[in-house]
Amino acid sequence: MKGEGKMKSKMKWVGLIGLVLSAFSIFTHFLLARFTEDVIAEYQSSITIFSWRPIFERPDFPTNSLSYRRLWGPVRRLESLHPDPNPRGYYGDPSSQSNGFIFVRIQGGFHEIRNSICDVVVVSRLLNATLAIPEIQSTTSSKGISSQFKSFAYLYNEDQFVLALAKEVKVVRTLPKNLKGARRKKEIPLFKVPHSASPYYYLHHVLPVLKKHSVVELVVSDGGCLQAILPPHFEEYQRLRCRVAFHALRFRQEVQELADKILQRLRAFGRPFIAYDPGMTRDALAYYGCAELFQDVHTELIQHKRSWMIKRGTVRGKLSVNSAEARLNGSCPLMPEEIGILLRAYGYSWDTILYVSGGEVFGGQRTLIPLHAMFENVVDRTSLSTPWELNRIYGQEVNLVNTHLGPPPFIEEETKVEAWKNAGPRPRPLPPPPARPKSYNIEGWWGWVAESDNEPDSTVMELRTNAHKLLWEAIDYVVCVEADVFIPGFDRDGKGHPNFASLVMGHRLYQSASLKTYRPDRKEAAKLVDEFHDHMYQANRTWLKSVRRHMRKTLLDGIIEASKNSKPLSFLSHPVPECSCLRHKSLETSKNSSSPSSSQVWAALGLAHQCPAWMDTGSVSLVKEKEKENEEDLDEDDSLSSGLFPGKNVVNQEGDGEANNKDENQFDDQEELEGGDR
């Protein structure tokens, strides 16, 4: 008995020591995970731990070849553009005597929110009012999102916003308590501001009410509450818009950090990459009548949305639209397959890194299958981040799905028949069971289309997803702005206004105009793609030259077209010439250039303001580089193959055919460099 007692005592001590060691091990691992997070993140960025497994034809990537400069090099005629949003005339600090408070509720998606915030800051400056940080309705109306980030702070950095605008307008985080209570009781004046209202609307209608009540509430929707092109004497307000959009509006720290990590992972292999925004949303496809570009249930969904828009007056036109004619007229988005054909025809190889952005690609992943067939390294934010990194930007969210199932209900083994027989009068029959809840998948089958004419209400999970889309598009926005090449599939949203891609192109034009930003003419592109189908996979040289000429032309002509078409609808889609200037040395170079196109571009864009002298520090004249490049062109090698879709590890033919192909490609590259990028 004593031996057994000693044995049990020893086992207890062994178990206790094991528990202590386990607790110590867990605590040590926690400390390592806590204090080495940055090191682990850097290590993870250097290795491939994501779903993307890059495949490249050659490990080394030549950056001094002629084809590299043609595909990835800067647009030389735009190198002289420099951002300059500073005031150029008298622009004093905001008056100490405010006319009152402005509280703003903003409705809409990512690009509409960004446009609206810039507009309300300008309106506050115009009315000499104190601005309460705007409320983003997309987050306040969503249930189940983290309470850690509220409204404006869910997407943007509040501290940066307040500090950056300290000398522009007075900004407070919330209304005073008495006004906040009056707002809850709906006792303060409310204005549902029309889209693109003029400054005189605010001066004549809003300002008298503001002075009388010391507070007004503005409800802003449709992506803007101030007209894009202001009268000439309001030019300083345009530059204020640039300071808000490109300097004051910074994303929340967690979102910005994840976007930076994705950029590091994209560039970890030492290769440039293309960012592509499809712009294929259900609203946009319905607005322009592009239902027949899809099949099956997706066509019905687009038509259902278009019918809904017609009933509410958003769309003026017939329900049935010939989508083929709309596509040839340039009214429909370019499909991913068409974008892939244009890029491959221009010369981008199959192993080019292609980043696909956008919170929603209508039709799901199957729409991107042709793009995956043409490019091996097609990635997005999900393939360049881990699930826990995405969950981190959402914050602590409540669990909306009960995954813990309880025990089954207790069933008596013996049925009390006698008790049932002796019961009182029978109750009335129960009503029929309710219909099953309507549910559908954003990227899959919508069951309600075949069952009902009415679209079901959004579920709690869908409302949460709508809030998450703002964060997804914020990440994509950062990546697209910093990309080496950007190409949009569409530049309009579901209301006919400039969309996410238009804001990206405007930001790139402001921040780094010389980076390649293709703006395809959809009408011309559709014609070229239709011609390609006649000789698929064996495109002739004339067609290839036509595509290259068109793509090269869009680098400059697309900017001029945007100044005519996009800017009247959204200033941020084309913030030139108000927020840019021309460097002196670059300006002299363009004047002395043999090509007159540079001066024509500046004249078309209205650019005449020269940058201050301090901005010319480090600028280099391009004349000698231009001459040197022409001398070296004949010695450069272009690795482009004669086919449009060559297979992997294609071996070039030897002999005279290879030499002739090499000389012709060099001639094409030299011609394109001389005609397009300088």
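A residue is called buried when its relative accessible area is under 20%. In this predicted model, helix H9 is mostly covered by that standard, with 12 of its 14 residues buried. Among them are Tyr-237, Leu-240, Cys-242, Val-244 and Phe-246, along with charged-letter names that may catch the eye, including Glu-236, Arg-239, Arg-241 and Arg-243. The cover over the buried residues of H9 includes helix H4 (110-127), helix H6 (158-164) and helix H19 (500-511). The length of H9 (residues 235-248) can be checked too: at 1.5 Å a residue, a span of 20 Å is expected, and the end C-alpha atoms lie 19 Å apart, which agrees.

Attention now turns to a sheet. Here 5 strands, in the order S10-S9-S8-S11-S12, form an open sheet with parallel pairing. Because S10 and S12 (516-517) each have a single partner strand, they stand at the edges, and one side of each is left without a neighbour in the sheet. At the S12 end, strand S11 (residues 485-488) pairs with S12 in the parallel sense over 2 bridges; Val-485 has Lys-516 of S12 as its bridge partner.

At the other edge, strand S10 (residues 377-379) contains Asn-377. This residue counts as buried because its relative accessibility is 0%. Polar atoms of the Asn-377 side chain lie 3.0 Å from the backbone oxygen of Ile-55 and 2.9 Å from the backbone oxygen of Asp-351. Beyond its neighbours within four places in sequence, Asn-377 is in contact with residues including Trp-52, Arg-53, Pro-54 and Phe-56, as well as Trp-350, Thr-352, Ile-353 and Leu-354.

Notes. Residues numbered from 1 in each chain as written. Predicted model: local features only at pLDDT ≥ 70, side-chain atom pairs only at ≥ 80, totals over all residues. Heavy atoms only, no water. Helix = DSSP H or I, 4+ residues; strand = E, 2+ residues; numbered from the N terminus. Buried < 20%, exposed > 50% of the residue type's maximum accessible area, 1.4 Å probe, protein only. Polar contact = N/O pair within 3.5 Å; in protein donor to acceptor, adjacent residues only side chain to side chain. Contact = heavy atoms within 4.5 Å. Expected span 1.5 Å × (residues − 1). Pairing = 2+ DSSP bridges.
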